[in-house]
Each structure stands twice: as C-alpha cells, then as structure tokens.
Amino acid sequence: MDRAVLLRSSLACTRTVCRGPAHRLARLSSKRHRPIPSPHRRSFLRNHLRLITTASPPSLHLKGNFCPLSTRAIATSSPQSATDVIEDDVAEKLGFEKVSEQFIEECKSKAVLYKHKKTGAEIMSVANDDENKVFGVVFRTPPKDSTGIPHILEHSVLCGSRKYPLKEPFVELLKGSLHTFLNAFTYPDRTCYPVASTNTKDFYNLVDVYLDAVFFPKCVEDFQTFQQEGWHYELNDPSEDITYKGVVFNEMKGVYSQPDNILGRASQQALFPDNTYGVDSGGDPKVIPKLTFDEFKEFHRKYYHPSNARIWFYGDDDPNERLRLLSEYLDMFDASSAPQESRVERQKLFSEPIRIVEKYPAAESGDLKKKHMVCLNWLISEKPLDLETELALGFLDHLLLGTPASPLRKILLESRLGEAIVGGGVEDELLQPQFSIGLKGVSEDDTQKVEELVMSTLKSLAEEGFDAEAVEASMNTIEFSLRENNTGSFPRGLALMLRSVGKWVYDMDPFEPLKYQGPLAALKARIAKEGSKAVFAPLLEKFILNNPHLVTIEMQPDTEKASHEEAAEKEILDKVKASMTKEDLAELARATHELRLKQETPDPPEALKAVPSLSLQDIPKKPIHVPSEIGEINGVKVLQHDLFTNDVLYSEVVFDLSSLKQELLPLVPLFCQSLLEMGTKDLDFVQLNQLIGRKTGGISVYPFTSSVRGKQDPCSHVIVRGKAMSGRTEDLFNLVNCILQEVQFTDQKRFKQFVSQSKAGMENRLRGRGHGIAAARMDAKLNVAGWISEQMGGVSYLDFLRALEEKVDQNWGEISASLEEIRKSLISRQGCLVNLTADGKNLTNSEKYVSKFLDLLPSTSAVKASSWNARLPSTSEAIIIPTQVNYVGKAANIYETGYQLNGSAYVISKYISNTWLWDRVRVSGGAYGGFCDFDSHSGVFSYLSYRDPNLLKTLNIYDGTGDFLRELEMSDDALTKAIIGTIGDFDALLIGSHRRRKTKETRRDIINKIVNYTMLQDFKEFSGAIDAVKDKGVVVAVASPDDVDAANKERCNFFEVKKAL
Ligand SMILES: [Zn+2]
C-alpha cells in the first residue's frame, strides 16, 4: 500500500499545509495505521487517497488532467425555474451580479458564478444535496522572495481578528466545532482557507470566523504574532546565546532537512527562474529572518482584499444565505488594483537545457557514493494548454508512471540504477504544467546513465507506442475513479474546489475543471479511431523529447552541510549579539519573557465567548446510521453493508495472521507486495496488473495489527481489499483468488527491487515523519501489537530490510520458501472474514461469487498456530538522524496502572492536545506541532512532538500535564465545547465514503458515553493516569546528534543512542 504513495509523491512538495496537522481522524481511527500529521497538502491528499482508494492502482489523482472539457461539449444550463428568479433578485439586492450558471452533471450540482459588483470579488456557489458543506476563500499571493511571507501570513491571520479578538480562534474551532475539515494551505502563488461541516449552524459559524480572520486579522497590528508565527530572536538570559524561534521558521527547517523536499524546491525554482515560482513561498530558513513586519503588513493590505479573492460555497445549505453572509464583509471594501498586481507572469521557455548540482544534508553512515539523486524536469509549455491536450497529457502520465507495470516506472526501477523513483510525473497545479522524473539512491558514477535511460525510454515509447492492454487498463482506472468520485474523509466539495481553483485563479473558467465526461468521451473516441500512438507520440515529442526547457538536477549527499548551516546560523546570531549593548540585551530578554508570558496566559472568558459555538441541543439526535448485517457463507463470517455506492462493489477479505512464525513477521509487507507484483505461471506481473486495471477499480493487500481491549493477545491480519463495478464482481473475486493462490514467488530480481524501494521509503519516513517512527517504537516497547507493527514498519523494519538486501543475493531460495510459508499459514477459511458494501441487489448478486471464492480456499491453515511474545526493551532511546528539528515522544500503558476506560478519555486527550500541548510545545516551544494520543484498545497514552527545536524541554512539558489537569479551571461553556469537538471527530469518521467502514461502537453509544460521562472532575481524575506516563513512561526521540549529545550531558546518559541514517 505504501508503494502506491511512494511512487509519485516525492517531488512536488512545494505546497505547505499549515495549522493543525491533520491527524485528528487518525487519532480516532485504528492506531496501527494512523496516518500522522503531514506537512504538505499534496502528500496529505495522496495519503488520504491511499487510505480510501487503496484498492486502486496508485495515484489516480483527480488532478486537473482528467476534468477539463472542450467548449462544445459543455452541458447546457438547466432551464430557469421560479426559484432561480427569486435567487437572482436576492443576489442583485445584495450587490452581486450573476455571471454564469451551469448544471454540472458530473457532481449533480447547480453552480452559479457571481461577481460582487463593488469589489469584483468572484464567488462560485455550488448547490446540491451533499450534507458535507464546504466554504473556501482563496487569494492570489505571489511572493517576490523566499522570506515565506505568504506562509507566515497564512499562520498569522488565524491568530485573532476584529470580531474574535482571542489568541487563536482557529484553535477554539478545532476544540469546539463539528467541522469535518479545517485548515489552510499556502501554494507557490495562492493561499487557501477552507472549512467544512455537516451542521449548517456550525458551518456558518466557521465561515464567519474565517472571513473575519482573512479580512480583519489582528496580526497586522500585533508584532508579537508575527514574531511567534514567523521569526524572532530569543534570549532567555543576557548571558546565554541568542537563537531564532518561530513556528514557520522551524516548520521550514524540517522541510529543508528532507532531501526529497530540497529536490522538489530546487526543481521548481530552476524551472521558473524568472517568475514567482523561482522563490519559495513557504520560506527558506536562511531567508526568513530577513522579513520585516512592515513588509508583512503591506503584503496583507495588498493581497487579502476582496478584489483579489475567489470564494467557494458548496453543499445543501441555502444559496441566498451564503450571499447574505458574504455581502456583510465584502461591502466594507472598495475595488483595488490587487488583481493586476497579483497576476502570475509566465516563464518563457529556455533555448537550451541546463544542469544543476545541489547538496543535501546526509549522515556519515552507509555508502555515500550510492546516495545521489537525479531528476529531469521539463516545463511543458509556455502558454496554458487547451483542455483536450491537458486531458491527454494526464492520461499519458498515468500510462507512463501510474502503476508498477507502467513502462517508464518499471524500466527505471528494473535498471537497478537507483532505489526509488523521484519526480511526480505531470504536475499541473500551477500556471504552466511540468513533468518530472528521476531516481534516488543512485551511484555517483551512474547519474549520467539515469539521464540517458529516461530519454531513451521516452524515445522508444514515442516510436513504438503503448500496449493496447495498458491503454485499456489506464482508461478503466481513470474512468472508475472519476465515476466513483471517492474522496474518503476529505470533503468532496473541497476536492472539487481545489480542481476548480486550479484554473479559476489564473482567470480561466472555474466550471470547466468540474466536467470530465465530454472530454473523456472525445479522447476515448480519438484513441479508438486513430490509435493510441497517434494521440500520445506527438505529445511526448513536443513536450518532452524536443523541448529544450529541461532542467536536470543532481543532488549529492554532503555530510557536512547540516553542521555548516548550523555554524553559519550561529555566526550570524553571535554577530547580532555582539552588536548589541548591555541595555539592548536586557531589553531582548525582557521581550522574550513578555512574549512567553503572553503565549502562556489564557484568553479572558469574554474573548472566548466571542467565538460562536454550538450547544448540545444543536447536535442532531438522529445518529448517522451504518447498516450492517452479519451472515455466513461456507462457514465464513460475512458482513454486508447495504448502502448506495453508485453501482460499485467494495470488498475486503481478511485473513488471520496469528499462526505465522514470529521471525517471518517482518517479511509480511513484502509478501503483500509480491502478491500484486510478481505474476503467476501464466501471467507476468505486467499482464496481471493490466488485468486488474481493466477489470476492477483496483486491488490492494496489506497487513493490519491492533491490540484488543481487555485481551493480552493482539489481532493481526492481512487484508485484501478490492472494488469493481458490480457487473464485474465475478472478475474481482477471480482475480483476488488468482493473486492469493497462483502468484509465484520466483522472481528474485523483482523482489530485490521491492526491498530497495521499501528501504528508501523507510529512510524517507524517518526524516519526514519521525514522530510516526517514535510512536511505533514506543508501542513496540509497551505491547505485542506494537512490536509486530514496528517489525513491519519501524526502525526494526529498516534494519531488517538492510540485512535482507544482502540476503536476497546470497540465499534467495530460503526467502522464496519463507514467502511460500507465509502464504500457507495465512490462506484458509479458518479465521477468515469477508466484508462487503454495495446496494442490496448487488450484495445478493455477489454472494454466489463469494461462495465460489471461499470454496477454493483451504479449509484450515497448513501451519500450526504459534504464539508471539516479544517487546523491545523499555529503555529511553534516541534514534539519530541528520536533521535540524526533532520528534519527541513519551508513552505508557495507562490500563496497566489501573485506569478504567470511560468516554471522557476521548474528550480529555483532545483537550490536552489543543490547550496544554498546543500552547507549550507549539506556541511557546516553537515546534510545528505537539499532541497526545490515546489508544483505547491497548491503553497506550502517548505524547508526540513534530519538527521540534527542543528535546528535554518538551519532555518536561509532557511531565507537567498532570499538574495542568489538577489545576484546571473550566467553565461549562468550555466543557461543552470540548465535548462537541470530540463528537465532531466521530462524525467526521462516518461521513462520505468512510460510512461503509464497519464501526464497532455506534455513534450514539460513543456520544452517550461522552456527553453523559464527561465532567470537570474527570479531567482532574485523569491526572492520575497521566502521572503514570510521567513516572513510568518510555521515551523515544528521533533527533539530531547534537541535541542528543547535549541532552545526554545534561541528564547523565538518559538516552540510549541508536543511529538510523
Ligand atoms: Zn505552516
């Protein structure tokens, strides 16, 4: 499953998601697979896609590629009805002019484009029956330098506004609203503020807070917010050294510690040397401290103006109400010149290619000669492409790279010139589209060969064309994903908004990206008539092979880069200090203290009251219902969920892993990958993948492990997930049977590729998601389920992969036999479970195929049951990596110290995250994030920080949580807010396509527990459980060598040190 993400997510990481890392859902869902806060919108979307479309071949990103439309195919607007006329009157009276109206068949919506007459603000008002309402406001914010001004502003405007004058209304909304989405994104040229909720009152509350924040933020008058979110000199005592602090400053230090991110940024900047994309909108830590408060204020004044705004509404609320709300804000402004000033200039095409060599910070371990990265990047076109061409290009991208069987991807990986792919293929979210592809883990001497191989492969594909089967598989995959329109827990209306804005923001038609049926049909017809080669070869030739605007980037590992940068930063700061008088230093220490005091002082109750919130009566009494029937077929338990799924059948076949020998556990993820990517006696893996692509919406296989509440033994499974149009149910189950029973584990070369790719992926995770690695490691010290998961995805797994890479060459026979043994112990009807979701008729129809499938399985496992009992030693550990920021964790099993679960635990842990940890770890500590997590299955309560400049200091904050709870004063309002916010989290799990997931507890059960059992007294009593974490908790930090050294000096060798990179 990870494979799908790793494929293509590495390069295009120039967008920055800020605010609350989106780990909320994750914390409530299954712990073993928790996705952890992800800093980039792109990767967030991808991860999210992975979660919900795991069954599909990778990256069927519904990017702009698949949605544009030729003008002749546009559906005509529906005829005007009486309500339309009334709506038009209302709009007119409120100061809006209707520009255009269309019915969008693809999302069954009426969409109206309005212009606010006074300011020119544009509004897309999309009406349909989707309860998950979405609002977003987008400003064009092209930066002129890499001071990170748009990014710091994005953080800062959510720190208090005219109507909501508290420190962080955003956090109040996180705590106490029913939002299904709440965040903000900085792109290279725009800033986007979206919210979503299913509750109408809540939705308008959120909209109002966001509108007030963007148009009337306090940060433009408040220097301290700028210091806190952007940067400032910190000096606790005149005798100490001055340091830089700031949330964005540290966030970006984390970004610049990751080679893939450095590559993505270098590629973009080199492709666009002459326009705004030549600088980093997120901010380069070396440049951020050059930003002044005046520049910051001016940027807001200029660009955060209605004339420069595009506003989106979507869902089942009253379209008139939207305009009423907006007019209140927009009417306060006059038209400005911002739209001219914010226009993004085009980059002219180069006349010849260029080559750039960059360094990235690397650790000394390993063979550095094999750690080079090479990426080829093309700027595809000077002018925006016409819609048909853009669609064809998206299709070409899928053909080249979309699945493991896609030729460019396959040939690059099979060449063994590198370990994993870099570059995201076609990238079309900016004004001009790009194409990037390359490899990492390349030998110093092979970089030239990689470049040649990319070119020769593309050349031969232009000459020879693609297999008909491959074209059919890509077409089916794309059509399936469009039809399914499955965005998981990511609001559908937001996915549509991002697509629409991708054109709208450049003054193009906002409707067209929403419509795909016409252009898709046209493209299909063209391929049928002229053949795929006639369609794709000219694209390859024009945009890539004969295009001189090519930037090749080679990244070289540099073991001294991190320390050089640190030394350079220290030198600057020393100079700053030397230039200050005694009085200046005293003043700086005073200002540092004052800022901290302000950060740590709670908002006054009056200010908190300003943020609108719901009461418990506003929570709908009608629970969201997930129908569920339990039956049996051939002795196997079958769950069925009768839901409308647009004719798609979703299936999961779950196998019990518990009879597997303990030492084979780390091999399970590669076993899963082998099932899908090794081929059978009759079908090589390319044919097998094409067959899956042609007949289904995708199949995926992955392990799942969790603790079970009240039991010693964990549950551990391998899940085969698949989906297909209901008419293809028989094909789906035949294919599932084929991969389970017929795949042969004989391809040594491919297996070695899997190992290298997984190793590269794990190394990347260590740098970018160190808190996930720390969490897994702590779990492995605390329970068996955690130990199993760590064997399959933690530092232990990385160690295993490194050893395995050698072993594949020396003893392939044994590995192949082990893979066979996993199959034997896994595949049987014993302990198997089938989970199906579709509408009633399709469910009934599927039963005969399920029955046939189950018949073909062995009745019992061929391997005797074994028992696992292992944990990692509970020492405090520091995992060392080359980084400028740390990930710090501490955890304990609170059930073992006598805590008895009740519903308040959910409320309390969310509250601790959003108050104590947010204020201390993020706001005053300067980390990008800090949160806690309670796994009610295992009883593990854990703290984690993210991109954290501190180490021991953060542990002290964790240890102070018990006192925080004991001393807590809380009004009834605040308590209600905390309860509602927690209910919102559960709701978010049950909307959209998540609804088809089985949930053990119904929403009603959980809400009852939460509402009836949470009182202030519970918070105070919970401090006992929390103290157990302080006293008995295990500590794992993923951190820089210098910080660990310092910590071990301060706290006499507190950490056992493990070098991981
Ligand atoms: Zn940010």
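So, to start: of the contacts in the protein chain with a separation of 6 or more, what percentage comes from residues 24 or more positions apart? It's 82%. Keep in mind as I go that this is a predicted model.

Okay, the overview. The protein chain has 1061 residues, and 66% of them count as buried. You'll find 39 helices and 28 strands in it. As for the surface, the chain exposes about 37600 Å², with carbon and sulfur atoms supplying 50% of that.

Let's go inside. The largest nonpolar core has 89 residues, and the two that touch the most other members are Ile-739 and Phe-751. If you're wondering who contributes the most here, that's helix H26, residues 729-741, which puts in seven residues. There's also a second, separate core, this one with 72 residues, including Ala-91, Phe-96, Val-255 and Phe-293.

Back to Phe-751 for a moment. Ignore its neighbours within four places in sequence, and Phe-751 is still in contact with a whole list of residues. Among them are Leu-667, Leu-670, Ser-674 and Met-678, and then, further along the numbering, Leu-804, Val-808, Trp-812, Ile-815 and Leu-819.

Next, helix H25, residues 685-695. Is this helix largely enclosed or left open? Eight of its 11 residues are buried, so the rest of the structure largely encloses H25. The buried ones are Phe-685, Val-686, Leu-688, Asn-689, Gln-690, Ile-692, Gly-693 and Arg-694. And what covers them? The cover includes helices H15 (407-414), H17 (468-484) and H24 (668-677), strand S20 (698-706), and also H26 and helix H27 (748-768). So H26 turns up again: it gives the most to the largest core, and it's part of the cover over H25. One small detail at the start of H25: Asp-684 has a side-chain oxygen that comes within 3.1 Å of the backbone nitrogen of Val-686.

Now for the aromatics. Searching the whole structure turns up 46 aromatic pairs. Take Phe-181 and Phe-490: that pair is edge-to-face, 5.5 Å centre to centre, with 80 degrees between the planes. These two are 309 residues apart, with Phe-181 in strand S6 (residues 181-182) and Phe-490 in the loop between H17 and helix H18 (492-504), so to speak a link between distant parts of the chain. Phe-181 has 7% relative accessibility, so it counts as buried, and Phe-490, at 3%, counts as buried too.

The other pair to look at is Phe-216 with Tyr-329. Their ring centres are 6.3 Å apart and the planes sit at 35 degrees, so this one is tilted. Phe-216 is in the loop between helix H7 (200-215) and helix H8 (223-229), while Tyr-329 is in helix H12 (residues 319-330), so the pair ties together parts 113 residues apart in sequence. Buried or exposed? Tyr-329 counts as buried at 1% relative accessibility, whereas Phe-216 is partly exposed, with a relative accessible area of 21%.

Both of those rings belong to a cluster linked by ring pairs: Phe-139, Tyr-193, Tyr-210, Phe-215, Phe-216, Tyr-304, Tyr-329 and Phe-333. Phe-216 has one more partner, too: the charged end of Arg-162 sits over its ring, 4.2 Å from the centre. You can see that kind of arrangement again with Arg-1051, whose charged end sits over the ring of Phe-1054, 4.9 Å from its centre.

Note on methods
Residues are numbered from 1 along each chain as its sequence is written. This is a predicted model: local features need pLDDT of at least 70, side-chain atom pairs count only at pLDDT 80 or more; totals for chains, interfaces and linings use all residues. Side-chain values use heavy atoms; hydrogens and water are left out. A nonpolar core is a set of buried Ala, Val, Leu, Ile, Met, Phe, Trp, Tyr and Cys residues joined through side-chain atoms within 4.5 Å. Buried means under 20% relative accessible area, exposed over 50%, partly exposed in between (1.4 Å probe, protein chains only). Helices (H or I, at least four residues) and strands (E, at least two) are DSSP runs, numbered from the N terminus. Contact means heavy atoms within 4.5 Å. A polar contact is a pair of N or O atoms within 3.5 Å; within protein, one must be able to donate a hydrogen and the other to accept it, and residues adjacent in sequence count only if both atoms are side-chain atoms. Rings of Phe, Tyr and Trp (its six-membered ring) pair if their centres lie within 6.5 Å; planes under 30 degrees apart count as stacked, over 60 as edge-to-face and the rest as tilted. A charge sits over a ring if NZ of Lys or CZ of Arg is within 6 Å of the ring centre and within 35 degrees of the ring normal. Accessible areas come from the Shrake-Rupley method with a 1.4 Å probe; for residues, only the protein chains shown count as cover.
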